[in-house]
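Colleague: I should like to understand how the descriptive terms for a protein model are justified. Please begin with the terms themselves.

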Amino acid sequence: MNGAIGISALRVALALSFVGAIALVAAARRNSAALRSAGFAVVYSSFGLVAIATLAMLTALISHDFSVSYVAQVGSRSTPLIFTIISLWAALEGSILFWAFLLFGFAALAARIHRKEPGHSLEYASAVLLGIGAFFLILLVGPANPFHVVSPVPLDGPGPNPLLQNHPLMAVHPPLLYLGYVGFSVPFAFAVGALVSGEAQDDRWVRGVRGWTIAAWIFLSAAIIAGMWWSYEVLGWGGYWAWDPVENASFMPWLTATAFMHSIMVQQRRGMLRVWNLNLIVATFVLTVLGTFLTRSGILSSVHAFTQGTIGYYFLGFIALVLVASLALVAGYAPELRRGGALDDVLSRETAFLVGNLLLSVMTFTVLLGTLFPLVAELVRGVRVSVGGPFFNQMTLPIIVVMLFLIGVGPALPWRRTDRAELKRRLLAPTGGLIVGLLLALLAGARDLYALLAFGFGAFALVSNVQEFWTGARDRMRAHGEHAASALGRLIAGNRHRYGGFLAHIGLIVSVLGIAASSTFKTEREITLAPGESVTVSGRVFRLERVWGRQDMGRTSIGADIALVSGGRVVAHLEPEQHFYESSDTPVPTPAVRSTAARDLYVNLMAFKEDGSSATIRVLVEPMVAWIWLGGGIVCLGALLALWPRRRRAAPALAATHPPRASHARRAARRVAVEVTS
Amino acid sequence: MKWKFAVGAAALAIPAVGLLGFGLTRDPGAIPSPLPGRLAPTFALPAFTSGAPTAQHPGPVPAVDSVRLASLRGDVVILNFYASWCLACRDEHPVLQRVASRYVGTDVHFVGIIYNDATRAALAWLNEMGPLPYPSLDDPGSRAAIDYGLYGVPETFFIARDGRVALKHVGPVTDELLATQIESLRAAQRPDAPKAGSP
């Protein structure tokens, strides 16, 4: 029953998508209001149908309806409910269904939000989104149909991949990633819409996609951080980033989207970079499709790869179509776009954004090269090579250091022209930070050049961005006689774009400092202990108390009780475990982590004697790991602040120079100003 | 719309799509080995067990105290690397037991070699899992494993009558794989005995 409802809904939605896309293009061409509303009705109703199919799948999963092929593949009666629900994205077919659900959801939301705006880019954009949606629906009714009928109906299933049911972060990482990936379809669709409708001439489309881009970027950032955290908490190697092809696949669109968020400010302010911005958003979308292709086709070996099938060729066709269409559109229309202004001064915020954009693009290209190089090598020379951490670290570390410098200098550089004396004054404190950061790193024992530079310029950028909040609040306190807290609050509320951006910078720097510290000062030891024996790592004593075993729902756990001993007293217990799931031979490690702001103590159970007479453990002491997650949180918070809608968009120039008080009079005045300037 | 630009730019997509398309035809999990088609590296290793009768082959198995690969030239050899600590080896154990039992005393020789394992542990494991009807060899210093470019266990090498490696299989073997490979190797002509004979 669930299966029949699901597949029928998907089939109808597929047919509707084609009809709707054609209707919307025709509506824009003929300027027909009737076709336009029919088209949007299709957008809403296809979303409804895909939602019904998704609901049918969830019902099937929860009610253990093993007559549905996907449930028979990933379901199991012994799996806890929460993991049963999230197994919606535990395997290929379900994840594509979820993907389609999000995509149509975004398409409906975009139509709803932008329906009153003048021009025709929305019709084209919606048609593009329906087209992308149709591709996923083709997969769902064809090679990735999750609703096949299984007969005879099995009594039970194997359950989802053990790695996915071992940690709650798996409930968070994939949906965030999908939200990010799918989210970038919207700015892409609007870029195409603006090009085709001829509205890329003015810069309004950029303002329209800003929110979508930041929202998708927040999801993607959170997904990357959650993925790192999951890898750290579950895989047992004590690291969080390995330059795995699929990690890279999520990192590349993040880089180009970051560049896009900065360079659209230049376009909004100065009318520059029109073509560049189109290229960036197209690249971001293509990279998300490439990322999906890499995970879904099994083309590169990776921990993330789903099992492959013919689906790879469908994706290849889709990538080809997207690439050809978007390259042709941008190249065909770009020569018709007006050229914007020129740089007034080498020392200006525009320059900082330009150089930053350049660096982000170079970094994207480097990561792309490293990710696809094994394919190139095999094609050209027929040899198998693997490109690992050393390549990526060597290539990206210098770029990251320069980026830190730019993040520090950027806030001190005004638009257009810079007063040299003012710049010197504003860089005084950050330079002090640079020296302090360097000295602290040297004292802590860092000798590696890039580590030193990262700490130095990290501190430089941190001080510079914090200084913006400090001086802004101080000026308000002086001018309005406000309290420190309320001055800071009003400062931020008055210009959320600006201070949200600075906050995101601070978060990023905090993360980078955490990464630099944890990778530079990591101590690691692997040892076999008998109960009662202890090991000292980085001045901390870890004593094996005992090895225990336990039977849970559908799994067997073996754990080691390890006492953290200080001054002869036990101060804490760490219990790393290994979980054996019935569906798999390979145990899933479950390291024990004791996390503080200063350092993480990380213990992983590597092996054990079945009689409990010994356990082999890996102990890591990693400083400042928690900073990475904290920084990620601040990044998202900052971006959220920048995204938070105002009742009315203010002309940014006005808001930057006069942070208005939240009074009605001011707001009204601003509204008038907006009307005048726009 | 400038069509010339559009078509030119679209052509840029061809190499990218071509590269990805090429990638689809590859199996990233495949581990390349130069061995198939070449002479199997020789070894002479001590056997820590000759094997024992199994349920499928209750009859006696020949006593062996060492195995020289060279002396098996002319026959088909199935070389299986395994270890007592290896979980996948547990999966393929009944398969090996079943299939090898059919070939005791024929021109198809099964040989087990332990990898990174102690003979005592391996014997205990065989006691637990049930005996194999063929000898298991110790490989001190993993010399044979290195010669065969072992990536992990289990790995199985099918050696033809002419002493060449016909196939390398990574991971647990299946009944079908063993049956088809062995029968096709067995069907091959015996090379001229005097020429290819004893080393």
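Modeller: Axes are lines fitted to C-alpha atoms, for helices over the stretch in contact, and angles run from 0 to 180 degrees between N-to-C directions. Helices (H or I, at least four residues) and strands (E, at least two) are DSSP runs, numbered from the N terminus. This is a predicted model, in which local features need pLDDT of at least 70 and side-chain atom pairs count only at pLDDT 80 or more, while totals for chains, interfaces and linings use all residues. Residues are numbered from 1 along each chain as its sequence is written, and chains are lettered from A in the order in which they are written.

Colleague: Why are α6(A) and α8(A) called oblique to each other?

Modeller: The axes of helix α6 (residues 121–141) of chain A and helix α8 (residues 185–197) of chain A cross at roughly 130° and come within 7 Å. Angles under 35 degrees count as roughly parallel, over 145 as roughly antiparallel, 65 to 115 as roughly perpendicular and the rest as oblique. The two helices are therefore oblique.

Colleague: Which residues of α6(A) and α8(A) make the contact?

Modeller: Among them are A:Leu122 and A:Val128 of α6(A), and A:Phe190 and A:Gly193 of α8(A); residues are in contact if their C-beta atoms, placed from the backbone, lie within 7 Å.

Colleague: What makes chain A as compact as a globular protein of its length?

Modeller: Its radius of gyration, taken over C-alpha atoms, is set against the globule rule, 2.2 Å times the number of residues to the power 0.38. The value is 27 Å, close to the 26 Å given for 678 residues, so chain A is as compact as such a protein. Chain A has 21 helices and 10 strands, and its C-alpha trace spans about 80 × 70 × 60 Å along its principal axes.

Key
Two residues are in contact if their C-beta atoms, placed from the backbone, lie within 7 Å.
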